[in-house]
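Hi everyone, thanks for coming. Today I'd like to walk you through one protein chain, starting with the whole and ending with one pair of helices.

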Amino acid sequence: MSWIAEALSATATTSPESTQQALGYPSLFLLVLFGALVPVIPTGALVSSAAVVAFHQTAPFALALVFVTASLAAFLGDIALYWLGRRGMGSKNGSRWLKAIRARAPEDRLEQAQAKLADHGVAVLVLSRLVPAGRIPVMLACLMAEWPIRRFARGTRLRVWRGP
């Protein structure tokens, strides 16, 4: 029975902040990562809420840790989604899907979009983070332009610093 008393006294001495940090940062990481893969999750609201909680913590770098955690999760989520897209584009059904999109898009608009992407490259990726719902269409344009994953990762790395 003494081990139960020791366990209870250990939990009584654990601060609520350390519990929030032990659960909060991994949860934030997983939710932002999943939000990058499934764009209907409001990652902006998640990160903002986590930042408010971190601001009121006594830990000196809690706010910075929220920023780093969310940025890393957004970066990895974007890379994973782009990798899945590249993989899908090479598949039999993915090729049909790409042909259907190209058939619906006017040829001159597609050429214009690809020209802007070729001219401005990485800047388009960075700016897509500032436009609501701009991330997925720009990612699709990069897939259609057949950007290598390294080039996309370079632009995404810069883009993530603008916010998840």
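I'll begin with the overall picture and then turn to a single helix contact.

Please keep in mind that this is a predicted model. So what is the chain built from? The protein chain has nine helices and zero strands. If you read along from the N terminus, you meet one α element after another: α-α-α-α-α-α-α-α-α.

How much of the chain is buried? Of the 164 residues, 30% are buried. As for the surface, the protein chain exposes about 10500 Å², and 67% of that comes from carbon and sulfur atoms.

Now, contacts along the sequence. Take the contacts between residues at least 6 apart in sequence: 73% of them join residues at least 24 apart.

Let's zoom in on two helices. H4 covers residues 62-89, and H8 covers residues 135-144. Their axes lie 10 Å apart, and the two helices pack at an angle of about 45 degrees. How do we describe that arrangement? An angle of about 45 degrees is neither under 35 nor in the range 65 to 115, so H4 and H8 are oblique to each other. The crossing of H4 past H8 is right-handed.

Which residues meet here? From H4 we have Asp78, Leu81, Tyr82, Gly85, Arg86 and Met89, and on the H8 side they meet Arg135, Ile136, Met139, Cys142, Leu143 and Met144. Sorted by class, this contact of H4 with H8 holds eight nonpolar residues, one polar residue and three charged ones.

That's my tour, and I'm happy to take questions!

How values were computed
Residues numbered from 1 in each chain as written. Predicted model: local features only at pLDDT ≥ 70, side-chain atom pairs only at ≥ 80, totals over all residues. Heavy atoms only, no water. Axes fitted to C-alpha atoms, helices over the stretch in contact; angles between N-to-C directions. Helix = DSSP H or I, 4+ residues; strand = E, 2+ residues; numbered from the N terminus. Parallel < 35°, antiparallel > 145°, perpendicular 65-115°, else oblique. Left-handed = near helix turned anticlockwise from the far one by under 90°. Contact = heavy atoms within 4.5 Å. Nonpolar A, V, L, I, M, F, W, Y, C, P; charged D, E, K, R; others polar. Buried < 20%, exposed > 50% of the residue type's maximum accessible area, 1.4 Å probe, protein only. Areas by Shrake-Rupley, 256 points an atom, 1.4 Å probe, with all protein chains shown as cover.
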